[in-house]
Amino acid sequence: MRTVDLIIDDIGTLVTLAGPPGPRSGAELGTVRSVPGAAIAIQDGEVVAAGPRREIVDRYRARRVHDAQGRLALPGFVDAHTHLVYARERIEEWEMRLAGADYVQIAEQGGGIRASVRQLRAASHAELLAGALARLDRMLASGTTTVEIKSGYGLSLEHERKSLEVIAALDRAHPIHCVPTFLGAHEVPDEYRHDRAGYVRLVIDQMLPALAPLARFCDVFCEAHVFDVAQARAILLAGRRHGLLPKLHADELAPTGGAELAAELGATSADHLVAVSEEGIRRLAAAGVIAVLLPGTCYFLRLGRRAPARAMVEAGVALALATDSNPGTSPTTSMPLVMSLACQELGLRPAEALVAATVNAACAIGEGARRGSLEPGKRADVLLCDAEDWRALPYHFGTNLVAQVFIGGELVWDEGRRVQPAGSTP
Ligand code: NIG
Ligand code: FE
């Protein structure tokens, strides 16, 4: 009998998502098994065993037992694409769009991302940190335990550094694990409006060498009104020379060739893909690039178009899901809502949506070996939900069924409030 730190006992239904390592596609993407009457043994923040409770309690003795009271247990959600560090909401812009204004027009008139840039430049590190911490709490409340966060509202060396430093501070200050992405090429800032090539040089020659140590990925918004394929390629190749793995905002508004570029570069992921071409889909599948779909953005922009998710599944592309949480195109922080939109709007099956929001999302941000499922050796990031059937999460759209959240084997969210670990100051 082995002694472990913690057993989460009396789980009504357990979903571990145990399965083959790496991103899942095809039939594996749509396979979810549940175990009735289960328990999880945890040591040093990692899963030791997860399965039928008899097998666990016969083999392990716990220093501490947490009674799940018959709740559903599943792995924490991984939000693979967010822009969480921003100074202000853009509610006026949303109202303008509802009255008929267009996202690109607003951007071209100096609103959109450029409005967020002016606001972020004027905000202090402490203000940005406080705003993003509040949003991380909302994410935790709906079950997100790992999040990718992009810079991209700074657009100068000084302010991109400030954003990346805020992301590092978030990772230290909040239990959610934060993975940083450098997105200096998110827009062309006001002072370079007439010198786009000059801004690309600034990103490549000054920002990347100085800021690469603060990020894991380099991303580019590749679209007609921002950076074209050649500029995106140059930036992502430069990022790679500084050790950053490529990601891409690809084919969000028009078929720009972003998916093809992501495949050419062997990017970790290509994101959005609303307007991806058939050839782009084939190349993503062949190159093993994960497609991160963001149905909250189509909903909130009222695009009327959707990423061709079923065609991607049929072509063998591994899909992941994310909120794209940002003040302009998708303010949501809820992965269960995104899973619901993925089912309703993109035609994903509930099982595909769950795997895309966990296992595949973890792979899309380089965390597949550590997170995304409840398997021996992975972090014990566990959700306990008020449901019997895991499909209830996307089914009850807009309703939060997450009651308690463990990250690294610590209870960090308990029925509507953050739990401060013993010895820490709130
Ligand atoms: O992913 N597409 C580019 N970036 C964000 C939008 C950011 C904004 O409008 O502030 C996105 O949708
Ligand atoms: Fe985005």
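His 249 has a relative accessibility of 2% and therefore counts as buried (under 20% relative accessible area is buried, over 50% exposed, and in between partly exposed, with a 1.4 Å probe and protein chains only). The model is predicted: local features need pLDDT of at least 70, side-chain atom pairs count only at pLDDT 80 or more, and totals for chains, interfaces and linings use all residues. Residues are numbered from 1 along each chain as its sequence is written, chains are lettered from A and ligands numbered from 1 in the order in which they are written, and side-chain values use heavy atoms, with hydrogens and water left out.

His 249 is one of the protein donors of the iron ion (ligand 2). The others are His 81, His 83 and Asp 324. The histidines donate through NE2 and the aspartate through OD, at 2.1 to 2.4 Å from the ion. Donors are N, O and S atoms within 2.8 Å of the metal (3.2 Å for Na, K and Ca); water is not among the atoms, so sites may look incomplete. The donor residues follow the spacing H-x1-H-x165-H-x74-D in sequence. His 81 lies in the loop between β6 (77-79) and α3 (91-98), and His 249 in strand β10 (residues 245-250), so this pair ties together parts that are 168 residues apart in sequence. His 81 has 0% relative accessibility, so it too is buried.

The protein contains 17 helices and 17 strands (DSSP runs, numbered from the N terminus: helices are H or I of at least four residues, strands E of at least two). Its radius of gyration is 21 Å, close to the 22 Å that the globule rule gives for 426 residues, so the protein is as compact as a globular protein of that length. The radius is taken over C-alpha atoms, and the rule is 2.2 Å times the number of residues to the power 0.38. Buried residues account for 60% of the 426.

Two further residues were examined. Ser 163 sits in helix α7 (residues 157-173). At 1% relative accessibility, Ser 163 is buried. Leaving out residues up to four places away in sequence, Ser 163 touches Val 85, Leu 120, Ser 151 and Gly 154 (contact means heavy atoms within 4.5 Å). Arg 64 belongs to strand β4 (residues 60-67). At 44% relative accessibility, Arg 64 is partly exposed. With the same sequence neighbours left out, Arg 64 touches Asp 5, Leu 6, Ile 7 and Gly 409. The C-alpha atoms of Arg 64 and Val 4 are separated by 8.3 Å, although the two residues are 60 apart along the chain.
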